Amino acid sequence: MAFQDKTLKCKECGKDFVFTGGEQEFYAEKGFENEPARCRECRDVRRRSREGGDDRTAQREMHEAVCAECGVVTHVPFKPRNDRPIYCRDCFNARREQEEAHAQTAADN
Ligand SMILES: [Zn+2]
Ligand SMILES: [Zn+2]
């Protein structure tokens with residue numbers, strides 16, 4: 001079944017935004033029943049304020065670690081262990097994508 005782009009109104013800023021077919025497909029795959037109530041911008045703002053401004057996040061103990069991939073200093077919410085390489089967010093995401101790609105390749109064969 002094909003998903004058509006549709007225009008929704010953001011309840012945060014009141015602007016119209018497009019809920020694309022691709023996003024609808026994603027929502028359907030994840031089993032989300034509600035359409036997004038906010039445009040992408042407002043969602044990003046909320047996500048950022050959750051990550052940065054939340055008291056619990058701020059109080060959570062962060063440990064400094066050096067990324068095993070690119071060497072940048074990063075902060076992780078768990079105590080780094082010597083037997084486990086630590087990756088910064090970028091490298092972690094890149095590696096996860098790579099692993100997913102590998103898994104996909106393996107599944108195809
Ligand atoms: Zn908005
Ligand atoms: Zn890195």
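Among contacts between residues at least 6 apart in sequence, 19% join residues at least 24 apart in this protein chain. Keep in mind that you're looking at a predicted model. The chain carries four helices and four strands, and reading from the N terminus the order is β-β-α-α-α-β-β-α. Its radius of gyration comes out at 19 Å, well over the 13 Å that the globule rule gives for 109 residues, so the chain is more spread out than a compact globule.

**Overall shape and burial**

- Along the principal axes, the C-alpha trace covers about 50 × 45 × 20 Å.
- Just 5% of the 109 residues count as buried.
- The chain is split into two domains, with domain 1 taking 6-50 and domain 2 taking 63-108.
- Measure between the C-alpha centres of domain 1 and domain 2 and you get 28 Å.

**What the UniProt record says**

- An unreviewed UniProt entry lists "domain: Probable zinc-binding" at residues 4-50.
- In the model, the stretch 4-50 is 45% helix and 17% strand, and its end C-alpha atoms sit 31 Å apart.
- The record, again an unreviewed entry, also puts "domain: CxxC-x17-CxxC" at residues 60-96.
- For residues 60-96 the make-up is 22% helix and 22% strand, with 24 Å between the end C-alpha atoms.

**The E1/E2 hairpin**

- Strand E1 (residues 6-9) pairs with strand E2 (residues 16-19) in the antiparallel sense, over four bridges.
- One pairing to look at is Leu-8, whose bridge partner in E2 is Phe-17.
- Six residues separate the two strands of this hairpin, and Gly-14 has a positive phi near 80°.

**H1 and the loop after it**

- Helix H1 has ten residues and the number buried is zero, so H1 lies largely in the open.
- Gly-31 comes just after H1 and has a positive phi of about 80°.
- That glycine sits in the loop between helix H1 (21-30) and helix H2 (40-53).
- Is Gly-31 buried or exposed? Gly-31 counts as exposed, because there are 6 C-beta neighbours inside 10 Å and the cut-off for exposed is 12 or fewer.
- If you want a distance from Gly-31 to another part of the chain, try Glu-97: the two are 66 residues apart in sequence and 22 Å apart in space, C-alpha to C-alpha.

**The E3/E4 hairpin**

- Strand E3 (residues 63-66) and strand E4 (residues 73-76) run antiparallel and are joined by four bridges.
- Val-66 stands opposite Val-73 in E4, while Ala-65 has Thr-74 as its bridge partner in E4.
- There are six residues between E3 and E4 in this hairpin, and Gly-71 in the turn takes a positive phi of about 80°.

**From E4 to H4**

- Arg-81 belongs to the loop between E4 and H4.
- With 9 C-beta neighbours inside 10 Å, Arg-81 counts as exposed.
- Looking back to the E3/E4 hairpin, the C-alpha atoms of Arg-81 and Ala-65 are separated by 9.7 Å, with the two residues 16 apart along the chain.

**Helix H4**

- How far apart are the end C-alpha atoms of helix H4? They are 28 Å apart, which agrees with the 28 Å that the 20 residues of H4 (residues 89-108) should span at 1.5 Å a residue.
- That expected figure uses one less than the number of residues in the helix, which is why you shouldn't multiply by the full count.
- None of this helix is tucked away: of the 20 residues of H4 the number buried is zero, so H4 lies largely in the open.
- Arg-89 lies in helix H4 and is exposed, with 12 other C-beta atoms within 10 Å.
- The count for Arg-89 still qualifies because exposed means 12 or fewer.
- Along the helix, Arg-89 and Ala-103 are 14 residues apart in the chain, and their C-alpha atoms are separated by 21 Å.

Definitions and conventions
Residues numbered from 1 in each chain as written. Chains lettered and ligands numbered in written order. Predicted model: local features only at pLDDT ≥ 70, side-chain atom pairs only at ≥ 80, totals over all residues. UniProt positions renumbered as here; feature names shortened; annotations may be inferred. Domains from an automatic or database assignment. Rg over C-alpha atoms; globule rule 2.2 N^0.38 Å. Contact = placed C-beta atoms within 7 Å. Pairing = 2+ DSSP bridges.
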